[in-house]
Amino acid sequence: MVDQIRNFINGEYVDGVGTFDDINPVDGSLAAQVHTADKGVVDRAVKAARDALNGPWGSMSTPERVAILRRIADRIEERFDDLLAAEIRDTGKPVELAKTLDVYRASANFRSFTDTAASAGLDAFITEPANGSNALMYAVRKPLGVVGVIVPWNLPLLLLTWKVAPALATGNTVVVKPSEETPASAALLGEIMAEAGLPDGVYNVVHGYGDTGALITTHPDVDGVTFTGESKTGSAIQKAVSDRVLPVSFELGGKNAALVFEDANIEETVAGLTHSLFTNSGQVCLCTERVYIQRPVFDEVVAGLKESAQKLKIGTPYEEGTQFGPLISAKHREKVHGYARLAKEHGAETIIGGEIPDMPEELAGGSWYTPTLWTGLEHTDQVMREEVFGPVAGLIPFDTEEEAVRMANDTEYGLASAIWTTNLERAHRVAPKMNVGLSWVNTWYLRDLRAPFGGSGLSGIGREGGVHSFDFYTEPVNVAIKLA
Ligand code: NAD
């Protein structure tokens, strides 16, 4: 009997209308059948969320809510292995990565946003107009209401909890739609929420493709939409909510640059770049796909990257030492491979990869791909401008700092960048010049959950993290009291 993944509404699992297949990308086998939510199911989920908001959840004090959310974090840790198995079966990612990045961050997200909610203050001012009277102004934060949460497949649980934790910490209720590729961990989280004592209807999950997502974004009783995914989907959602002028928070795609200066520590740079190019098989929105290298160290960095890419251990998730898993699906691999073909047609030299690897027979149905590096592409080439979202990067030489900054910023995206240099003055000079939300120096993916996270341009709208998340998940009401 194949596992069934059902929608989670009002504290219980409910059938959908028909099912679709959840495929394990390691070998192409059927992982589960997922129950599709149609309009009726989405309506039920939104109603459950509205009732919970108008019910006990809406009238709970912050300390009461915080106590429940801390229990959710505890329960995630107690059920760590179950979540790990669900995440790995859907994504095929190496167990070490899923442990230290994905599942670890699920409880960390709940802890961090709970702490922020427990200690957050209010904006307050004493206002002294010219007529000598004075007044007290203070802004209270009210929950946005029923929030639609739509998330992608690359870090399913991490990205989901990054939104659900602050939404709940500020008193909202949610209707979540995980990616059709990775429904398992969001569904399992329903069980965990109930075990932790979250009232029914606060956390609801509906499954399906983009049309199910659209049923949420166009629903008349949804008060806001938080979305992580492709820029073009963000654009479609923005159109969908425009009639109702709903608030949105968007974390979208990127075409992230790294700048390697001649004064960089080359060994550390190569190690750092290997991480930023190939983590999660290049399927992290923050991954580097453009590397600009100062000419005197170009050959050395290219050779170093080739050597470290060659050493990456491609393998199944639970195999000892696996560093590099499959892509999420055969369809996504076709997209990535299409860019490899395009790069070749455009005159690129393939330093390594660009192909579907030979895997043992039992893995031949999986969506495996090789780490891939190109030189010889123009900075303006289509392959260097569009997000591929795979383990691929173009390496381009530069001569001056100005040229490097100009090329890095010459993009419609604005998510993340990394600068590699040992020159402190240069680091301080260049880092703020990057047109991105996240500008790293001599590191990549170094995060503090209280710091603002997000991008500009095609990379998103708004910032999440710490109180920045609360700016989206709450509506401030300014109270003005005349004192004298
Ligand atoms: P996607 O946009 O295809 O899908 C994301 C989610 O949106 C899925 O649940 C999907 O079913 C749903 N969806 C699709 N069409 C919809 C519509 N019209 N209305 C409502 N929902 C709809 O993205 P993906 O392929 O799952 O994820 C990869 C993308 O996510 C990449 O572009 C990556 O850069 C981006 N991403 C960004 C961040 C960030 O923090 N900026 C983080 C992770 C991933």
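**Close-up views of a predicted model**

**View 1. C285, a buried cysteine.** C285 has a relative accessible area of 17%, so this residue counts as buried. The structure shown is a predicted model.

**View 2. C285 and C287, two cysteines without a bond.** C287 is also buried, at 3% relative accessibility. Its closest cysteine sulfur is that of C285, at 8.1 Å. A disulfide needs the sulfur atoms within 2.5 Å, and the sulfur of C287 is therefore too far away for a bond. The disulfide count comes to zero.

**View 3. E251, annotated as "active site".** This label comes from UniProt, in an unreviewed entry. Such annotations may be inferred rather than shown by experiment. E251 lies in strand β12, which spans residues 248-251. Its relative accessibility is 6%, so E251 is buried.

**View 4. The surroundings of E251.** Beyond its neighbours within four places in sequence, E251 contacts W162, K163, F227, T228, G229, F453, S459 and E464. With W162, the link is also polar: the two side chains share a polar contact of 3.2 Å.

**View 5. V164 in the largest nonpolar core.** This core holds 100 residues. V164, Y203 and L286 have the most contacts inside it. Setting aside neighbours within four places in sequence, V164 touches F110, V149, V174, V176, M193 and Y203.

**View 6. A second nonpolar core.** This core is separate and has 28 residues. Among them are F261, V336, A343 and M384. In soluble globular proteins, nonpolar side chains tend to be buried together.

Technical notes: Residues numbered from 1 in each chain as written. Predicted model: local features only at pLDDT ≥ 70, side-chain atom pairs only at ≥ 80, totals over all residues. Heavy atoms only, no water. Helix = DSSP H or I, 4+ residues; strand = E, 2+ residues; numbered from the N terminus. Buried < 20%, exposed > 50% of the residue type's maximum accessible area, 1.4 Å probe, protein only. Contact = heavy atoms within 4.5 Å. Polar contact = N/O pair within 3.5 Å; in protein donor to acceptor, adjacent residues only side chain to side chain. Core = buried A, V, L, I, M, F, W, Y, C linked by side-chain atoms within 4.5 Å.
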